[in-house]
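The following questions and answers examine the structure shown below. Each answer ends on the value or name requested.

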Amino acid sequence: MHNRLEKKLLDLKRSGKKAFSLFLTAGFPSPEATVNLVCQLEKAGVDFFEIGFPFSDPIADGPTIQRSSEAALKAGMNWEKLMEIARAIRQQSDVPLIVMSYSNPLFCKGWENAIRQLSQSGFDGAIIPDLVLEESRPLKSLFQKNNLALVQLLAPTSSLQRMSEIGKESSGFVYCVSVTGVTGARKDLPYPETNDFLKKARSRISLPILLGFGLSRPEQIPLLKGNCDGFILGSALIRVLENVSSRLQAAQKAVQFVHPFVREIGKENRHD
Amino acid sequence: MNSLPDKRGYFGEFGGRFVPETLAPALEELEKGYRTVGHSKNFVEELGSLLTHYAGRPTPLFFARNLTRHLGGAKIYLKREDLTHTGSHKINNTLGQCLLAKKMGKKRVIAETGAGQHGVATATAAALFGLECAVYMGEEDMRRQNLNVFRMQLLGAEVKPVTTGSKTLKDAINEAMRDWVTNVRNTFYVLGSVVGPHPYPMIVRNFQSVIGKETRSQILKLEGKLPKVLIACVGGGSNSMGLFYPFYKDRSVHFIGVEAGGKGTEPCQHAATLSQGKPGILHGALSYLLQDPDGQIQPTHSISAGLDYPGVGPEHSFYKDTGRAQYVTASDKEALDGFLLLSKMEGINPALEPSHAIAHLKKVAPRLSSRDSLVLCLSGRGDKDVVEIQRILQGSTHA
């Protein structure tokens, strides 16, 4: 049984297109803005979304997402509101939604309960940045039972053996982390190393591989596009949202910002 | 001693390895390095020699005659970790980890610190082994433990102020982990307590268990029998685990861990993780945790920076749930009284962390027979706290 995420990835693959995914912090700048942003950005050509549940101690995140998480928590973001956001999006759209959460908020609700609630509220997948293979294996059947794709992350430090294992264990796609480090916009990436890493991953993994961490400019896309199946943009967009005064302006600015990425990712000039 | 953790790094249901994928291979490398290099004859001898000639081990087991007479009941012995080089038990672990870092070919070490004792001990070992060193410390703790900041700088370490979150130990660990994720290829993370992802709780426990091993043979020599009670403060829990672990199978020996009761039992007023928390995942391990109903980590408070932490080592959680150890609390005020009591009775200024354990003595010693003994781990000396204590005492007289 394919869920919305898996179906979307399959469609993209069949039509030879790259995937484009955005990360948004749930409740930043407000819960209503998150719902509106998803709906507007989907129309602008974004394929699916990661909705980050803010956590007090996000060790894999850089300053930008730390700030947006803190602001969202201060404004009262909580688990129930995350479910409301997903349900509100589902009333308007069938775009695939992935929850991004650290382990503890899910563990705290009880893994089974949390996974079921996420699925029932309209999420199609989960990315849990501090849940490595060794810890996620015992939970695999729970995710499968609830038709929630557990997307595994792959790092430049992962051994070839881990790459193969992660490729086998992941669902939907594999999230390739571009550099050693935390999330955050970087002007440039070590392109030869990142491409080398992507090539290694691709030769061992049959699922689509998407690249995230460090993207900030559309000019980066053509330098990496040949070796991956799509891109994930996060902190750079959050930075744009830090300077908006209204929900309407948030959507306008975000659409404006992602447009050149959509264009660049959609171009059919791949030289693998 | 028990054979835990298991292969996946679990002590019963606690522990594990909850980290970003980037760090998973580094933890495998560390585990392998520890099991091979760390157990080689060469390593064990070199570390043993350093502990003796550099750190000043074995530390004395001191019979606190005046305190015993004052409280009545069991004979009170103090394990004098405050007399080690750098003034706390932290040196036992940092010599071990920095030596391991060097043997594993790492050029740079990083550490987090709360009270500054682990930071000083890491900076010391790094200087000795010629390693580059950066220490993350919360801004609030830098204020409280200013003297230790300067000590670290004198030792050649870079002290990196942490301005996120509560600006204390928890946030210093977050920042150290972010540094490690970024520089993992050339950097060794010297974790200061029995917390964090596997294999840290095991490695730190093993390096600290020199405390309990010495204590066991010293007390047997002095008393001819095992003590009734072992008592130590618990923040992350490294001095207590170091004392307890070698007595694990001595079922007649009762373990008491004393947590920071702060200003009261309401949320955010204390750091009594085992007494008031529930299981959760933070800093790479599943263990007891102070958290809200959504799993967000709660702010903590303690008079002592070293205990001001919302988590605790997974092996302590295992001890709690299996009943092997008992965990209690002492408030800020009680700890301060403990500090003053030991200073006046025995001429020893203890650090504020073990002052919590001292405070609990009056509830334990009088109930035991004078034929019995108990051992308290005096994990560090109080020089670092004198200015803060002066501030508090003067503040309270003016109030």
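Q: How far apart are the mean positions of the positive and negative charges of chain B?
A: In this predicted model, chain B carries 47 positive and 38 negative charges. Lys and Arg count as positive, Asp and Glu as negative. The mean positions of the two sets are separated by 6 Å.

Q: Why does the radius of gyration of chain B agree with a compact globule?
A: The C-alpha trace of chain B spans about 55 × 50 × 40 Å along its principal axes. A compact globule of 399 residues would have a radius of gyration near 21 Å, and chain B agrees with this because its own value is 19 Å.

Q: What percentage of the residues of chain B count as buried?
A: A residue is buried when its relative accessible area is under 20%. Applied to the 399 residues of chain B, this criterion gives 66%.

Q: What share of the accessible surface of chain B belongs to carbon and sulfur atoms?
A: The accessible surface of chain B comes to about 13800 Å². Of this area, the share of carbon and sulfur atoms is 53%.

Q: Which helix contributes the largest share of the largest nonpolar core?
A: The largest nonpolar core has 125 residues, and those with the most contacts inside it include A:Phe49, A:Leu82 and B:Tyr319. Its largest share, 7 residues, comes from residues 247–266 of chain A, helix α12.

Q: How many residues does the other core, with B:Met104 and B:Val181 among them, have?
A: This core lies apart from the largest one and also includes B:Phe188 and B:Phe207. Its number of residues is 65.

Methods: Residues numbered from 1 in each chain as written. Chains lettered and ligands numbered in written order. Predicted model: local features only at pLDDT ≥ 70, side-chain atom pairs only at ≥ 80, totals over all residues. Heavy atoms only, no water. Rg over C-alpha atoms; globule rule 2.2 N^0.38 Å. Buried < 20%, exposed > 50% of the residue type's maximum accessible area, 1.4 Å probe, protein only. Areas by Shrake-Rupley, 256 points an atom, 1.4 Å probe, with all protein chains shown as cover. Charge placed at Lys NZ, Arg CZ, Asp CG, Glu CD. Core = buried A, V, L, I, M, F, W, Y, C linked by side-chain atoms within 4.5 Å. Helix = DSSP H or I, 4+ residues; strand = E, 2+ residues; numbered from the N terminus.
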